[in-house]
Amino acid sequence: MSHAVVVRRVDAGNPKEQNAMIDLTRRAFFNQFEPGADEHYLLHLLQSHHDHIPDLYFAAFLDNEPAGCIAFTRSSVSHDDGTLTETCTFGPVCTRPDLQGRGIARKLISHSLDAARDMGFKACIIFGDPRFYGRLGFRCAERYDIADEDGYFKVAMMAREIQPGSLRAGTFRQSAVFRSMEHAEEWDRERGAEMWDKVEGRPSQLQFRLIRSLRYKRT
């Protein structure tokens, strides 16, 4: 029997649902890209951060159980011609470990980008693996001559125009909330979360570090 995945906005005012998204995100990311995880802490921080976009905070449900989630922040591109394009950035996006490979993350991304278009966002810029996001219409931001705030083109910095022709040369600026994630383990202890063993050296971690390291200075 086939079970349909339902995508809807997360009720951030419901502590039980919000905690379910945090726990799901922690399980999905733990030891995947780094020993431990901090993406779930980011999800927690976003709820009180001014760059969070509540209308683009979605969850996928399978048989009424959380199967994945995606959250967005406001970002921007400062163009070389002095203009500014408001963009959106998603992350974290994840799928429950036992349901990975079923297209749930793809469905979350597609659904939320449609909603972002309806809200008037012109483009989405993220950091992720080109091997996956390239299949979803994202291209390295270098293609649009867009560098990060330190002036680097990065393989992992990927862009997708929501409104064709909206991106051009400039500097991408993401939310400051991404620089506030160092206290994840401390927060887990304070809230009484089960503490899991960290694992170092997994292939997925090595691949992540390689992709993250690929960059060169914009001239």
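Rings of Phe, Tyr and Trp are taken as a pair if their centres lie within 6.5 Å. In this predicted model, eleven aromatic pairs are found. The rings of Phe33 and Phe208 have centres 5.2 Å apart and planes at 35 degrees, so this pair is tilted. Distant parts of the chain are linked by the pair, since Phe33 sits in the loop between α1 and α2 and Phe208 in helix α6, 175 residues apart. Phe33 is partly exposed, with a relative accessibility of 31%, and Phe208 is also partly exposed, at 29%. Another pair, Phe132 and Tyr133, is edge-to-face, with 4.9 Å from centre to centre and 80 degrees between the planes. Phe132 counts as partly exposed because its relative accessibility is 25%, whereas Tyr133, with a relative accessible area of 11%, is buried. Phe132 and Tyr133 belong to one aromatic cluster together with Phe72, Phe90 and Phe138.

Charged side chains were examined next. The count of salt bridges comes to 17. One of them joins Asp188 and Arg26, with 3.3 Å from N to O. Asp188 is located in helix α5 (residues 184-190) and Arg26 in helix α1 (residues 15-29), so the salt bridge ties together parts that lie 162 residues apart in sequence. Both ends of this salt bridge are buried: Asp188 has a relative accessible area of 3%, and Arg26 has one of 4%. A further salt bridge is formed by Arg218 and Asp145, whose closest N and O atoms are 3.1 Å apart. Arg218 lies in the segment after β11 (215-217), and Asp145 in the loop between β6 (139-140) and β7 (146-147); the pair therefore ties together parts that are 73 residues apart in sequence. Asp145 is partly exposed, at 31% relative accessibility. Lys154 and Asp148 also meet through their side chains in a salt bridge, at 3.1 Å from N to O. Lys154 is partly exposed at 22% relative accessibility, while Asp148 is buried, with a relative accessible area of 6%. Through shared partners, salt bridges join Asp23, Arg26, Asp188 and Arg191 into one network.

Burial was also considered for a whole helix. Helix α2 (residues 39-46) is mostly covered, with seven of its eight residues buried. These buried residues are Glu39, His40, Tyr41, Leu42, Leu43, Leu45 and Leu46. The elements that cover them include α1, β3, β4 (84-95) and α5.

Strand β3 (residues 65-79) contains His79. His79 counts as buried because its relative accessibility is 5%, and buried means under 20%. The side chain of His79 reaches the backbone oxygen of Arg168 at 3.2 Å. A polar atom of the same side chain, that of His79, lies 3.3 Å from the backbone oxygen of Ala169. Apart from neighbours within four places in sequence, the residues in contact with His79 are Leu84, Thr85, Ser166, Leu167, Arg168, Ala169 and Gly170.

On the surface, a nonpolar patch is formed by Val155, Leu210 and Leu214, which together have about 230 Å² of accessible area. Leu210 lies in helix α6 (residues 203-213). The relative accessibility of Leu210 is 52%, and exposed means over 50%, so Leu210 counts as exposed.

Methods
Residues are numbered from 1 along each chain as its sequence is written. This is a predicted model: local features need pLDDT of at least 70, side-chain atom pairs count only at pLDDT 80 or more; totals for chains, interfaces and linings use all residues. Side-chain values use heavy atoms; hydrogens and water are left out. Helices (H or I, at least four residues) and strands (E, at least two) are DSSP runs, numbered from the N terminus. Buried means under 20% relative accessible area, exposed over 50%, partly exposed in between (1.4 Å probe, protein chains only). A polar contact is a pair of N or O atoms within 3.5 Å; within protein, one must be able to donate a hydrogen and the other to accept it, and residues adjacent in sequence count only if both atoms are side-chain atoms. Contact means heavy atoms within 4.5 Å. Patches are made of residues with over 30% relative accessible area and no salt bridge: like charges are joined within 9 Å, nonpolar side chains (Val, Leu, Ile, Met, Phe, Trp, Tyr) within 5 Å. Accessible areas come from the Shrake-Rupley method with a 1.4 Å probe; for residues, only the protein chains shown count as cover. A salt bridge is a side-chain nitrogen of Lys or Arg within 4 Å of a carboxyl oxygen of Asp or Glu. Rings of Phe, Tyr and Trp (its six-membered ring) pair if their centres lie within 6.5 Å; planes under 30 degrees apart count as stacked, over 60 as edge-to-face and the rest as tilted.
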